[in-house]
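Q: Please take a close look at one part of this model and connect it to its surroundings. Keep it brisk.

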Amino acid sequence: MPLVSVIMPVFNAAPYLPAALESIRGQSLQDIELLCVDDGSTDACPDILARFQAEDPRIRVIRQANGGPGAARNAGLSVARGRYVYCFDSDDLLAPEALAQAVAEADEHQLDALWFGASSFGDAEMRAQRPQMFTYFDGEHGPTETMTGEGFLARKVAQGQYRCSPCIYLVRRELLETAAIRYPEAGLHEDNLFTFEVCLAAQRVRELPHKWFRRRVRPGSIMTSRSTLSNYLGCLVGYEGMLSRFLRRPPSPEAVDAVHELLELMKSQALLHLKDPGVRSAAQKPGALGTGVMRDYLHVSFCRQLDHELATCTEVLSGLAGVLRLLPSGSVPTSVTWPAVGQVDDLWIERDVVMLRGWALAWNQQAVSALLVSDGVTALTVPLVNAVARPDVLDHYPDGDLGCGFVASLDVAALSLERPWSVRGIPACGGHTSPLAMGATEVPNRMTGHVDQVRVRDGRYQAEGWVLLDRCQPAERLWLRSGSLVVEAHMLQRVERPDVQACHPLAALDCGFVAVFDLAAPPDSAMVLHAAQPRAAEASAEGAQPMSPGCSAAPGSSQNLQGDRLPTAHGA
């Protein structure tokens with residue numbers, strides 16, 4: 001029996017496959033088997049695999065019709081014989097010492113899984129187009145003490161460093177068999193549910209700081225291609241599986257917040273893909289998403305939330321009075337008088353940020369650094385995120401610049417001096433300290449609710465909204481935040497909110513709340529409260545007067561603009 005079974009799905013990766021194969025063949029640990037699953041490749045991959053198999057008896061090639069990376073990985077798992085399993089992609093690289101040191105560490109501490117670090121590489125063009133992908137694995141990693149998988153999951157999510165790639169950990173095969181863990185085979189992004197299940201099932205895990213895995217960022221991979229139905233279906237199936245696992249066998253209290261956050265992240269990824277008109281149209285076709293009552297329900301909920309988000313975007317920007325100008329580099333908003341031609345083609349909300357996409361032509365070929373947007377009261381400088389080639393615009397404006405397209409971001413809170421409030425619940429039992437007592441200027445970075453409005457009643461501030469909490473730990477206090485101001489509010493009443501439950505299946509029906517707080521503003525919040533205090537003074541004793549209406553921000557993400565791909569592709 002080999003020490004490690006390396007499972008490598010292969011699909012049309014001929015330019016990168018030899019290097020990936022050599023990366024595994026060159027491991028200092030010789031007692032391995034390399035299971036290459038050719039998932040219906042139509043390029044030179046079958047020939048390359050045949051040549052390497054003839055040269056190395058440790059390589060075994062499995063051929064099947066195209067079924068996607070989940071089906072290919074499962075085909076490898078079904079015949080794996082190693083004590084440990086390592087999943088690897090056909091376009092990436094692995095440090096020569098990785099498997100030997102990982103096995104030694106796992107054996108010494110009797111681990112179910114061992115995580116390690118990673119880095120990304122690619123050519124200059126990809127680095128310019130996708131800079132965020134080259135920092136995806138950045139951050140502090142290990143070494144950690146031995147802990148449960150749930151504890152590890154909670155820690156990594158809290159640190160903002162949880163990564164679901166199966167290429168950054170070694171897992172004991174016995175754990176996969178005992179817990180019946182397999183990859184979902186519908187759609188893409190199969191690693192989300194698989195790694196989630198591994199974390200919840202593992203009893204002993206550790207992490208090492210070594211950046212052994214090297215991910216290749218390249219055109220045509222899953223992460224750099226345009227959204228397809230397979231992307232959306234994979235996220236939908238992943239969300240369904242994670243939610244089912246949560247309801248069937250709830251995690252320990254230390255991991256509940258992390259699971260909630262991962263579910264929200266998975267939903268935001270699903271909504272990202274569903275925003276593509278082609279994806280949404282394809283998803284409406286009978287049988288496109290498979291079968292199942294829960295899956296149908298989740299799809300309808302996602303569609304409703306997306307419709308609400310788009311309506312919110314329209315409402316947020318409807319008050320901007322149509323003022324759109326360009327700022328030459330180095331100028332200030334008050335000095336802009338020269339005209340420009342432009343248009344906003346698309347907009348969406350990404351947490352508390354409105355993302356705008358469109359095009360703009362600057363006269364006199366002046367360099368553009370920002371957009372100028374006004375709501376009739378305040379002029380805002382909207383930074384450009386990046387320029388986009390728009391040859392379609394040049395058909396109408398031949399004198400324009402090819403790179404006249406833009407993506408820009410606008411803070412929703414900046415649209416008004418009365419900033420929207422955010423909320424986080426404090427469980428009734430144990431261990432939580434007010435962030436004000438700790439001198440913090442903001443709530444922990446996890447949005448678990450929304451404040452719809454703040455009123456003044458009987459000399460106190462009254463907040464109304466909703467919050468997602470562990471059903472076993474109802475909140476008696478809430479943290480509310482407005483900009484840099486953080487206050488502690490006390491729960492007065494729970495309110496039924498079926499509208500929230502429709503978008504958040506984990507939410508309790510009575511997730512709505514009415515809470516009160518007293519405001520003793522710290523110095524750094526004076527600007528935030530400057531516009532709100534006069535209204536507070538005008539509030540009558542007989543009733544409540546609105547002070548700070550909330551602004552609903554549904555999670556989303558930036559759009560992918562690459563070409564379509566018909567077969568089910570592989571590669572991160």
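A: One cut-off comes first: a residue counts as exposed when its relative accessible area is over 50%, as buried when that area is under 20%, and as partly exposed in between. The part to look at is the loop between helix 7 and helix 8, where Ala 180 sits. With that cut-off, Ala 180 counts as exposed, because its relative accessibility is 63%. The model is predicted, so confidence belongs in the picture. Mean pLDDT for the protein is 74, and 66% of the residues reach 70 or more. Residues 374–379 fall below 50, yet this stretch has eleven contacts in the model beyond near neighbours in sequence. Residues 520–567 also stay under 50 in pLDDT, with 108 contacts beyond four places in sequence.

Back to the loop. Ala 180 has a phi near 55°, a positive value in a residue other than glycine. Most residues other than glycine have a negative phi. His 189 lies in the loop between helix 7 and helix 8 too. Its phi is positive as well, at about 60°, although His 189 is not a glycine. Is His 189 buried or exposed? His 189 is buried, because its relative accessible area is 14%. So the loop holds an exposed residue, Ala 180, and a buried one, His 189.

Next comes helix 8, residues 191–201. Helix 8 is mostly covered, with eleven of its eleven residues buried. The buried residues start with Asp 191, Asn 192, Leu 193 and Phe 194. They go on through Thr 195, Phe 196, Glu 197 and Val 198. Cys 199, Leu 200 and Ala 201 complete the list. Charged names appear there beside nonpolar ones: Asp 191 and Glu 197 are charged, while Leu 193 and Phe 194 are nonpolar.

Thr 195 gives a closer view of this helix. The residue is in helix 8. Thr 195 counts as buried because its relative accessible area is 0%. What does Thr 195 touch, leaving aside neighbours within four places in sequence? Its contacts are Trp 115, Tyr 162, Arg 163, Cys 164, Ser 165, Pro 166 and Tyr 169.

Helix 8 is itself part of a cover. Helix 3 spans residues 69–79 and has nine of its eleven residues buried. Those buried residues are Pro 69, Gly 70, Ala 71, Ala 72, Arg 73, Asn 74, Ala 75, Gly 76 and Leu 77. What covers them includes helix 7 (173–178) and helix 8 (191–201). Strands belong to the cover as well: strand 1 (4–10), strand 2 (32–39), strand 3 (59–64) and strand 4 (84–87). The loop thus joins two helices that help cover helix 3, because it lies between helix 7 and helix 8.

Further along the chain, helix 10 packs against two other helices. Helix 6 (residues 149–158) and helix 10 (residues 253–274) pack at about 55°, with axes 8 Å apart. That angle makes helix 6 oblique to helix 10. Their crossing is left-handed. On the helix 6 side the meeting residues are Glu 150, Gly 151, Leu 153, Ala 154 and Val 157. On the helix 10 side they are Glu 254, Ala 255, Ala 258, Val 259, Glu 261 and Leu 262. This contact divides into seven nonpolar, one polar and three charged residues.

Helix 9 (residues 229–248) is the other partner. The axes of helix 9 and helix 10 come within 8 Å and cross at roughly 160°. That makes helix 9 roughly antiparallel to helix 10. This crossing is left-handed. Helix 9 brings residues including Tyr 232, Cys 235, Tyr 239, Met 242 and Phe 246. From helix 10 they meet, among others, Val 259, Leu 263, Met 266, Ala 270 and Leu 274. The residues of this contact divide into twelve nonpolar, five polar and one charged. Val 259 and Leu 262 of helix 10 appear in the contact with helix 6, and they appear again in the contact with helix 9.

Finally, the wider setting. The protein has 16 helices and 21 strands. Buried residues make up 53% of its 572 residues. Of the contacts with a separation of 6 or more, 77% join residues 24 or more positions apart.

Definitions and conventions: Residues numbered from 1 in each chain as written. Predicted model: local features only at pLDDT ≥ 70, side-chain atom pairs only at ≥ 80, totals over all residues. Heavy atoms only, no water. pLDDT = per-residue confidence, 0-100. Contact = heavy atoms within 4.5 Å. Axes fitted to C-alpha atoms, helices over the stretch in contact; angles between N-to-C directions. Helix = DSSP H or I, 4+ residues; strand = E, 2+ residues; numbered from the N terminus. Parallel < 35°, antiparallel > 145°, perpendicular 65-115°, else oblique. Left-handed = near helix turned anticlockwise from the far one by under 90°. Buried < 20%, exposed > 50% of the residue type's maximum accessible area, 1.4 Å probe, protein only.
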